[in-house]
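Please walk me through this model in the viewer, one selection at a time. What should be selected, and what is there?

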Amino acid sequence: MSRWTIPAVLFAAYATAQTFTHCNPLNETCPANPALGTTFEMTFNESMSEFDPNFFNVTAGADLISFSEEGAQLTIAKQGDSVTVGTAFYIMFGTVEMLFKAASGQGIISTYNLLSDDLDEIDLEIMGGNTSTVSNNYFGWGNTSQINSEYPSTTGPGWQGGAMGAVHNYTTVWSEESIQWFMDGELVRTQEYQKSGLYPQTPSFLKFGIWAGGDPDLPKGTRQWAGGNTDFDEAPFMMTVQSLRIVDAHTNVSWYSYEDKTGSYESIKATPGESNAYRLIHEKSFYEKTEQKWNGLSTGAKIGIACGVLGVFLLALIVFVFYCIKQRRHGKAEKAAADKEWDYHQQELDEYRTRMKRGDFAVSHMGHGEKF
């Protein structure tokens, strides 16, 4: 694993442009953060028309988002475009697992990060002109003088074309002990806990998207950090998100709030109860859950399931046909027996009628006129 160091001024230019907060709990009393308090999973596919507003906020580029069987497609079509999507809920430690294909293009950045109200941040950033590495980073309280970036390699087996060559699994596991970054299941970095201000430890939401760090209108330092100027004649540039899984380390939690201005995880209060996200996830009907899982399957898996269902149907049909044949044969036997008995009774009746005609059953003495 390689690790590069970049001048602080370059990183500061990027961070300042991308990171802000509406209310900083280090300085003022802020509203509580809505908790996830459970596990959230979603696969993106062509059946969708938008990021579900119950769970996501699209703050830039809503018209640049489309959906296909490959996933959610976030596109830069021209200079000035960007797409930013954030979750409507927060986690307090936990796991983020995103499967996506990064966008190609010099200066184009595909990214996801965990971001808190006091500007604690955990990042994954992929430069579209760099097929050799990706970048992971963290810092506390929006302090861009902290240089914590590392650049794990993307040149090994399975990484043809770098992060832009195919969909890869990027996972961040965050706890009060450490932050771990995984790529396709391989642990590439571990960062041990540090005190508040140096280590992210406050409730965070997930933000992801695509932007042009190489836009010629941006500061030189930002463009250098992003890998150089972007040539928008090569647009469109597309980031494809296949699926997302987020696990909140705390369950049965509805809200997270800051009890003081220390920015320490020990100051965070978790209010018990079902979160809004939990209720929305678990109130989905069986049909909706089944449909979502079905739409998230690959074409091959769908064909396999369809063949299995067809096989069961054909087996049931064969059993039904044999049952009908058996019942028909049984019915024929019963009819034959009934016909035989009918013929027997008809013969008895015919014989009775014949004997009646011959007078075999005439009465010769009825006792009339006899004397005693």
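Two strands count as paired if DSSP finds at least two bridges between them. The model on screen is predicted.

**Stop 1: the sheet.** Select β1, β16 and β17. These three strands form an open sheet in the order β1-β16-β17, and their pairing is antiparallel. The edge strands are β1, residues 33-34, and β17, residues 268-272, each of which pairs on one side only. In general, strands of a sheet pair through backbone hydrogen bonds, either parallel or antiparallel.

**Stop 2: the pairing of β16 with β17.** Now narrow the selection to residues 253-258, which make up β16. Five bridges join β16 to β17, and the two run antiparallel. To see one facing position, show V253 and P272: V253 stands opposite P272, which lies in β17.

**Stop 3: the loop after β16.** Move to E266, in the loop between β16 and β17. Is E266 buried or exposed? E266 has a relative accessible area of 64%, so it is classed as exposed, the cut-off being over 50%. Add E176, E177 and E192 to the selection: together with E266 they form a negative surface patch.

**Stop 4: helix α5.** Select residues 299-358, the span of helix α5, and find F320 within it. F320 is partly exposed, with a relative accessible area of 49%. Then add L310, F313, L314 and L317 to the view. With F320, these residues make a nonpolar surface patch of about 500 Å².

Key:
Residues are numbered from 1 along each chain as its sequence is written. This is a predicted model: local features need pLDDT of at least 70, side-chain atom pairs count only at pLDDT 80 or more; totals for chains, interfaces and linings use all residues. Side-chain values use heavy atoms; hydrogens and water are left out. Helices (H or I, at least four residues) and strands (E, at least two) are DSSP runs, numbered from the N terminus. Patches are made of residues with over 30% relative accessible area and no salt bridge: like charges are joined within 9 Å, nonpolar side chains (Val, Leu, Ile, Met, Phe, Trp, Tyr) within 5 Å. Accessible areas come from the Shrake-Rupley method with a 1.4 Å probe; for residues, only the protein chains shown count as cover. A salt bridge is a side-chain nitrogen of Lys or Arg within 4 Å of a carboxyl oxygen of Asp or Glu. Lys and Arg count as positive and Asp and Glu as negative; His and the chain ends are not counted. The place of a charge is taken as NZ of Lys, CZ of Arg, CG of Asp or CD of Glu. Buried means under 20% relative accessible area, exposed over 50%, partly exposed in between (1.4 Å probe, protein chains only).
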